[in-house]
Amino acid sequence: MNQTQLRGPGVDVKQTSEVKCEKCDNVTFNQGVFLRKVSALVNPEGRDAYLPIPTFYCTSCGNVNEEFIPTELKNKIQLV
Ligand SMILES: [Zn+2]
C-alpha cells in the first residue's frame, strides 16, 4: 500500500502543506482538548459538566497554533 494514501480518502500527502509551531517551528503535535465548563444553569442535565474541544499542541513548547483554536474560543481565551 502506498504510504501517502493513508492520510485520508483521496488526499495525497504531496498536496498537503507542512504545519509548524508558530512559536518554535517544531513540526510535531499532540492532540489535546480545550475544556469548557458547562454551568448547571445551562446544562439540560442540571449539573456542572465539562465540554472537551479537540485541538493540537506543539510537542516541544506546548503552544497551540492560532489555526487550531476554534473561532468561538478565540475571543475568550487569553493566550500567554
Ligand atoms: Zn512550539
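Biologist: Leaving aside its neighbours within four places in sequence, which residues is I53 in contact with?

Modeller: That would be V33, F34, R36 and P70. Contact here means that two C-beta atoms, placed from the backbone, lie within 7 Å. Bear in mind that this is a predicted model, where local features need pLDDT of at least 70, side-chain atom pairs count only at pLDDT 80 or more, and totals for chains, interfaces and linings use all residues. Residues are numbered from 1 along each chain as its sequence is written.

Biologist: And how far apart are I53 and P70, in sequence and in space?

Modeller: They sit 17 residues apart in sequence, with 8.3 Å from C-alpha to C-alpha.

Biologist: Why is I53 called partly exposed?

Modeller: The label comes from counting other C-beta atoms within 10 Å of a residue's own: 20 or more is buried, 12 or fewer is exposed, and in between is partly exposed, with C-beta atoms placed from the backbone. I53 has 13 such neighbours, so it counts as partly exposed.

Biologist: What about D25, buried or exposed?

Modeller: D25 has 10 C-beta neighbours inside 10 Å, so exposed it is. Its place is in the segment before β1 (29–38).

Biologist: What is the phi of D25?

Modeller: About 65 degrees, so positive, although D25 is not a glycine. As background, most residues other than glycine have a negative phi.

Biologist: Why do you say β1 lies largely in the open?

Modeller: Because the number of buried residues among its ten is zero. For the whole protein chain, buried residues make up 2% of the 80.

Biologist: What makes β1 and β2 a pair?

Modeller: The rule asks for at least two DSSP bridges between two strands. Here ten bridges join β1 to β2 (residues 49–58), and the two run antiparallel, so they pair under that rule. One of the bridge partners is T55 in β2, matched with G32. I53 lies in β2 too.

Biologist: Which order do the elements follow from the N terminus on?

Modeller: β-β-α, with one helix and two strands in the protein chain. These are DSSP runs numbered from the N terminus: helices are H or I with at least four residues, strands are E with at least two.

Biologist: What is the mean pLDDT of the protein chain?

Modeller: The mean is 86, and 84% of the residues reach 70 or more. Over residues 1–5 the pLDDT is below 50, and beyond near neighbours in sequence that stretch has three contacts in the model. pLDDT is the predictor's confidence in each residue, from 0 to 100. Where it is low, the predicted coordinates should not be read in detail.
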